[in-house]
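Q: Got a minute to go through this one with me? I'd like the fold basics, then the chain contacts.

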There are 4 protein chains.
Amino acid sequence: MPSNKIKLGFVGGGNDSLIGVLHKVAAVMFDRYEIVGGVFSSNSKINISTANNLGLDLSRVYNNYEEMAEVESKLESNIKIEAVCILTPNFLHFPMAKTFLMNGFHVICEKPLSVTLKEALELKEIKKSKNLVFAVTHTYTGYPMVRQMTKMISDNVIGNIQRVDSTYFQGWINDIIHDKDKRNSTWRLNPEVSGISSCLADIGTHAFNMLELVCGMKVKNILADLNNLYDDNPLDIDVSVLVRMENGCKGTIRSTQIATGLENNLNISIYGSKGSLSWEQENPNYLYYYTADKSLQVLKPGHFYNSKLSLDGTKLPAGHPEGIFDAMGNIYRGVARAIRKEKIKKGEFPTIDEGVRGMDFIEKAVESNKKGNIWIDLES
Amino acid sequence: MPSNKIKLGFVGGGNDSLIGVLHKVAAVMFDRYEIVGGVFSSNSKINISTANNLGLDLSRVYNNYEEMAEVESKLESNIKIEAVCILTPNFLHFPMAKTFLMNGFHVICEKPLSVTLKEALELKEIKKSKNLVFAVTHTYTGYPMVRQMTKMISDNVIGNIQRVDSTYFQGWINDIIHDKDKRNSTWRLNPEVSGISSCLADIGTHAFNMLELVCGMKVKNILADLNNLYDDNPLDIDVSVLVRMENGCKGTIRSTQIATGLENNLNISIYGSKGSLSWEQENPNYLYYYTADKSLQVLKPGHFYNSKLSLDGTKLPAGHPEGIFDAMGNIYRGVARAIRKEKIKKGEFPTIDEGVRGMDFIEKAVESNKKGNIWIDLES
Amino acid sequence: MPSNKIKLGFVGGGNDSLIGVLHKVAAVMFDRYEIVGGVFSSNSKINISTANNLGLDLSRVYNNYEEMAEVESKLESNIKIEAVCILTPNFLHFPMAKTFLMNGFHVICEKPLSVTLKEALELKEIKKSKNLVFAVTHTYTGYPMVRQMTKMISDNVIGNIQRVDSTYFQGWINDIIHDKDKRNSTWRLNPEVSGISSCLADIGTHAFNMLELVCGMKVKNILADLNNLYDDNPLDIDVSVLVRMENGCKGTIRSTQIATGLENNLNISIYGSKGSLSWEQENPNYLYYYTADKSLQVLKPGHFYNSKLSLDGTKLPAGHPEGIFDAMGNIYRGVARAIRKEKIKKGEFPTIDEGVRGMDFIEKAVESNKKGNIWIDLES
Amino acid sequence: MPSNKIKLGFVGGGNDSLIGVLHKVAAVMFDRYEIVGGVFSSNSKINISTANNLGLDLSRVYNNYEEMAEVESKLESNIKIEAVCILTPNFLHFPMAKTFLMNGFHVICEKPLSVTLKEALELKEIKKSKNLVFAVTHTYTGYPMVRQMTKMISDNVIGNIQRVDSTYFQGWINDIIHDKDKRNSTWRLNPEVSGISSCLADIGTHAFNMLELVCGMKVKNILADLNNLYDDNPLDIDVSVLVRMENGCKGTIRSTQIATGLENNLNISIYGSKGSLSWEQENPNYLYYYTADKSLQVLKPGHFYNSKLSLDGTKLPAGHPEGIFDAMGNIYRGVARAIRKEKIKKGEFPTIDEGVRGMDFIEKAVESNKKGNIWIDLES
């Protein structure tokens with residue numbers, strides 16, 4: 001019996017890539033994919049050595065993505081790559097994703113989806129017309145307790161949402177930002193490479209995506225205050241955003257790269273009329289549930305009180321900590337189910353719609369700030 | 001040898017008063033005060049029974065504050081009340097404080113200092129002309145680790161401040177706000193009694209005061225977004241404020257009374273170029289100090305690594321938790337030192353200046369919101 | 001109307017005393033006591049200055065406890081001291097407590113109650129025959145969440161107790177123990193002053209007392225392993241004890257003074273057939289309640305879900321942290337109620353019975369260790 | 001270029017196996033292994049379906065381990081299985097491991113290594129004579145912060161070890177133990193299947209292994225108190241052990257399966273003359289470092305202050321939580337390095353020596369208990 005595994009190709013993710021490890025392990029975690037080829041690096045030495053480490057047939061290793069798309073699309077269906085994982089710098093996401101979609105490949109793309117909203121919308125159109133699966137890897141949405149939080153809110157456990165706060169605080173850019181030479185030379189702060197935003201595009205979108213996901217509701221409009229810290233730095237590295245949700249409730253999105261000493265502090269807190277929920281990425285196995293009249297409850301993965309989707313990715317009994325690889329593994333499994341047209345649940349993986357929303361958020365936040373911190377509607 | 005204790009009078013704080021207990025215990029904690037008289041309640045029965053419980057001479061119990069000020073000011077200096085503690089509803093702070101100042105009494109006043117900035121400025125003038133001590137009880141500033149945080153920032157331990165976030169989240173108003181009858185009848189949400197703000201005046205000022213205190217720096221301007229939740233509620237119960245500090249750095253102040261299930265979550269986080277500090281009122285004995293290259297450090301009270309002012313109020317060896325009564329006790333001791341003209345350190349107690357700043361913050365935040373969320377400079 | 005406050009005298013607790021502050025503040029916290037006299041220090045200068053700081057009439061300050069007992073017992077009942085607080089070194093507890101009991105005074109005594117079990121039993125007899133109130137200040141039992149834990153276990157919320165663990169870890173003795181001169185000269189490790197135990201007597205008894213209190217059940221027998229660390233140190237500084245409770249369940253008591261860097265880590269965890277409860281002194285406002293099938297619950301003071309005795313001492317709304325002074329204040333109030341023959345609840349304060357049990361535990365643990373770590377029954 | 005991946009076979013770990021998922025993912029995490037065959041289940045249907053899911057050649061799937069050993073050992077060296085992962089019930093570990101060793105296969109075996117110490121020692125002899133790699137998967141030793149803790153102690157950062165405490169608390173057995181039918185029928189509590197111990201063998205060995213690992217020192221002797229809870233239950237489900245280490249210091253090992261509501265609470269705390277270290281499996285990314293005079297330090301993975309071996313398995317920047325799969329992945333990588341004769345560091349994976357020590361601990365603890373809680377020397 002031939003394997004039913006999905007044949008997966010990579011663009012990027014070579015041995016020198018941090019993010020590559022995450023995707024490669026996540027892909028194989030549930031025996032749903034086999035990696036068969038790709039362009040792992042623009043450096044041909046790394047490209048080959050990565051393929052060798054993976055034990056791949058070198059005939060499936062390509063010099064560039066155009067060649068990969070062309071050759072693979074002509075292979076027989078039982079051996080050809082079915083889905084492509086795109087892990088390249090942001091400005092390459094659009095042309096690559098477009099090419100692969102046009103040639104009939106499903107796409108798993110790192111965030112942000114593109115450099116502009118226009119590009120994102122174009123990809124969405126193509127994806128729709130081709131009827132393919134397209135995932136944008138907001139990895140953190142794969143954690144069991146994020147899924148549980150989403151379900152509890154959807155089930156009205158906390159009542160009407162009346163305040164929201166989503167934050168993503170990091171401190172790693174200090175070394176760069178306070179050194180004139182470094183901040184003027186890094187690609188991170190170069191608009192030609194990174195587009196119109198640094199902090200918003202890199203992590204603010206995660207906070208925004210998480211907010212809309214768990215609330216099951218769109219952000220209606222925003223008022224953003226961006227901080228570049230130095231006049232000779234053209235891009236935001238610290239952001240505070242006032243938000244209003246579809247239902248009229250208010251709150252904030254905050255993201256920063258200058259919270260010195262903080263690591264990767266994505267935190268989402270939703271306050272409802274009957275209760276509140278709070279979750280932190282750095283302690284992902286704890287979900288805090290507050291009510292007015294009962295004691296604080298701390299939910300953890302692997303228990304029967306959790307929703308089916310939350311339990312879906314929990315592989316061991318309660319008390320065996322899950323980490324970021326498990327979160328991404330859960331997303332990959334959802335994508336596999338979608339590709340194989342199995343029944344999937346809402347929220348199993350972030351789609352191109354979330355990618356488009358993210359680009360809209362970035363553009364409108366930059367616009368709000370440029371116009372003197374005024375309210376701007378999201379439109380997409 | 002006659003006691004050198006400061007003779008203290010109360011206005012408010014009767015047996016039925018929660019806040020009264022806090023002030024009475026704090027006053028006697030370090031043997032610096034003796035309570036000798038006052039008007040403990042407008043209810044004469046409670047007024048008398050409170051005095052009896054305290055073991056007071058009933059000749060020093062008065063029917064109203066005017067009488068108290070008049071009679072006490074004529075008593076001989078070795079027996080008369082020297083300082084008055086004002087614990088009445090907000091709109092009474094101004095007339096009472098004014099009367100007592102005019103009659104030569106030191107004043108310890110609950111926050112907010114007054115109902116309007118104008119009143120606050122008038123009190124400040126009188127206080128100055130009379131050369132009296134005036135404390136506004138921002139109780140939380142008395143915690144040892146707040147004092148340690150303030151000192152570390154002042155000593156440049158975390159470098160230049162580059163982002164600030166101060167929050168005060170409570171959830172108690174839910175029962176009232178979602179019930180039309182209750183929200184239309186409570187004095188809390190009645191502008192004639194409470195003034196122009198509910199949430200800002202009640203707890204937002206604490207978050208604002210804490211921010212300016214620990215930073216040793218003023219907030220320059222603000223952009224505030226207030227939420228009344230219901231159209232028939234005239235006052236804010238949920239607030240997000242964008243702030244810019246004197247040094248140009250940005251951040252937020254957030255306060256809410258609709259964070260369901262949260263108790264009294266005052267949290268201050270300051271991010272500097274070399275490190276960050278974070279503190280929470282509900283776990284007041286832990287100060288979190290983050291740096292880029294070392295492990296997280298958790299400072300606790302009673303250790304030699306703390307500043308003198310931080311150690312000042314720690315009465316037992318490390319590991320014996322201090323609570324809110326200790327925080328207020330520390331403030332009372334600072335006020336006693338000031339009254340007795342002993343040498344005091346900066347930050348030993350919150351003065352009328354902090355009270356004035358708080359009123360300015362409230363008025364400008366309301367104005368910013370009313371004008372469509374625009375930037376307004378603080379002026380005082 | 002004359003004050004109904006209990007007239008309180010001190011033996012020890014002068015200005016130079018850490019523990020004195022705790023007792024003095026706790027005594028006045030609920031307006032139930034007034035301090036009227038005593039022997040605050042064997043140093044007459046400190047004795048007098050303490051009295052002056054308290055604003056006392058110096059005629060009520062004595063040179064020694066015998067004089068104090070004699071003179072006070074002859075004063076008229078409306079002015080004489082009713083209860084005496086004993087805060088002296090351990091070996092003085094017995095003669096002082098005995099003298100005051102014999103002269104008709106109620107006694108509040110620091111732990112350990114005495115140096116030997118025999119003394120403790122003698123005090124218990126006298127106390128009984130005189131029908132007086134006798135409290136032994138196991139301060140930590142006054143915390144609201146300890147009281148809540150006790151009530152929940154008593155109400156069978158966690159079912160049958162099936163395992164118990166109580167620990168008290170400190171690290172302060174390192175500086176002394178590793179320095180030959182210091183360890184050979186400190187009174188702490190001198191059997192003539194401290195009796196047969198250091199660590200057990202100082203903190204082990206707290207862990208033992210807490211265990212019996214919250215379980216509402218006696219320890220039946222113990223097997224103790226004591227560590228003196230150095231051959232020239234005659235007393236235990238580190239202890240592990242196997243215990244069996246009345247109901248046959250097993251567990252441990254551990255106490256140490258060589259847990260370097262730990263402050264005052266008293267921790268009690270009780271595991272029942274239906275649930276478990278855990279509490280830590282350094283975070284006294286959190287009670288952790290585990291069950292098999294529901295999420296972890298975290299109980300805090302001041303909520304309606306708590307028992308009456310737990311709520312009894314909570315003076316402010318939830319979220320205002322209580323500390324060690326509040327815990328002692330609660331105990332003092334319980335003692336006041338007992339002295340005034342008001343109705344008191346079980347567990348309002350630790351009595352001489354708990355003091356006797358503590359002495360029994362110390363003696364039997366030392367005996368078990370000396371005999372080669374064998375099981376010994378407690379008897380008292 | 002042929003892949004240099006190690007060819008791995010499984011015995012056990014079929015689709016219905018929890019532990020199988022952990023081993024399969026861990027094996028492929030670093031591209032060091034490829035799974036080529038095995039006996040995944042004694043149920044042939046599951047055996048085949050597991051192989052299909054893995055995409056294996058069915059000619060490499062066997063009916064039993066004897067057949068597997070025989071056939072595979074005759075295959076050519078470039079295709080044959082090199083290492084076998086044994087995930088079967090405890091009593092099968094010995095015959096299987098023995099067979100595979102005798103046929104020249106490296107072995108990765110779940111713990112406990114065997115049912116008796118005698119068996120364990122026999123395996124050790126064979127392993128030595130055959131010069132093969134043998135790992136016993138004490139998974140928790142693979143966490144970065146356990147490795148950091150071990151290195152800090154080895155580097156004398158906390159000075160001389162003066163007290164040790166290791167615990168492993170679970171609560172899952174309640175449902176079984178309190179139901180007479182269940183407890184009399186489960187294989188867990190059947191000595192013929194499970195050997196002489198339940199709790200010690202299942203989790204106590206982990207606590208014991210962790211203690212010897214991080215201390216870099218052997219346990220010298222033990223005094224154990226076992227609890228079966230019911231007379232008709234022949235095996236321990238709750239254990240307290242007094243221990244003395246090689247250097248003379250004292251402490252405890254505690255393990256239980258009746259700590260209701262606790263999940264998988266493995267905790268190790270080591271107290272040294274200069275500092276202390278504490279770690280918990282359920283929050284594996286935090287290492288607590290206490291000293292006498294500085295603030296508490298909290299170390300996390302991925303920072304430069306960590307040791308090389310600690311950093312070895314950290315695949316993403318700090319703040320991306322690692323979980324149990326990462327811990328096992330680190331162990332698998334260490335084994336791969338040993339098999340490929342690459343340079344490995346001490347402590348990269350638990351060897352058969354640790355497996356033998358574990359069996360010794362179990363046997364001696366049972367003996368100590370049976371003889372009335374006396375001290376027994378470990379011998380191996």
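What follows is a quick run through chain A and then the contacts between chains.

Q: What kind of model is it?
A: It is a predicted model.

Q: How many helices and strands are there in chain A?
A: Chain A has 13 helices and 14 strands.

Q: What does the radius of gyration of chain A agree with?
A: It agrees with a compact globule, because 380 residues would then give a value near 21 Å, and chain A has 21 Å. The C-alpha trace spans about 60 × 55 × 40 Å along its principal axes.

Q: What percentage of chain A counts as buried?
A: Of its 380 residues, 61% count as buried. On contacts with a separation of 6 or more, 70% come from residues 24 or more positions apart.

Q: Switching to interfaces. How many residues of chain A are in contact with chain B?
A: 32 residues of chain A are in contact with 32 residues of chain B.

Q: Which strand of chain A gives the largest share of that side?
A: S9(A) does, with 5 residues. Several strands supply at least two residues each, among them S6 (161-169), S7 (219-227) and S12 (287-291).

Q: And how do the residues on that side divide by polarity?
A: There are 9 nonpolar, 17 polar and 6 charged.

Q: Next, chains B and D. What turn lays chain B on chain D?
A: A turn of 180 degrees, with a shift of 0.0 Å along the axis and an RMSD of 0.0 Å. The two copies are therefore related as by a two-fold rotation axis.

Q: Which C-alpha in chain B is nearest the axis?
A: That of Gln297(B), 2.3 Å from the axis. The same surface serves both copies, as 100% of the contact residues of chain B recur in chain D.

Methods: Residues are numbered from 1 along each chain as its sequence is written. Chains are lettered from A and ligands numbered from 1 in the order in which they are written. This is a predicted model: local features need pLDDT of at least 70, side-chain atom pairs count only at pLDDT 80 or more; totals for chains, interfaces and linings use all residues. Helices (H or I, at least four residues) and strands (E, at least two) are DSSP runs, numbered from the N terminus. The radius of gyration is taken over C-alpha atoms; the globule rule is 2.2 Å times the number of residues to the power 0.38. A residue is buried if 20 or more other C-beta atoms lie within 10 Å of its own, exposed if 12 or fewer, and partly exposed in between; C-beta atoms are placed from the backbone. Two residues are in contact if their C-beta atoms, placed from the backbone, lie within 7 Å. Copies are superposed by least squares on the C-alpha atoms of residues with pLDDT of at least 70 in both. Ala, Val, Leu, Ile, Met, Phe, Trp, Tyr, Cys and Pro count as nonpolar, Asp, Glu, Lys and Arg as charged, and the others, Gly among them, as polar.
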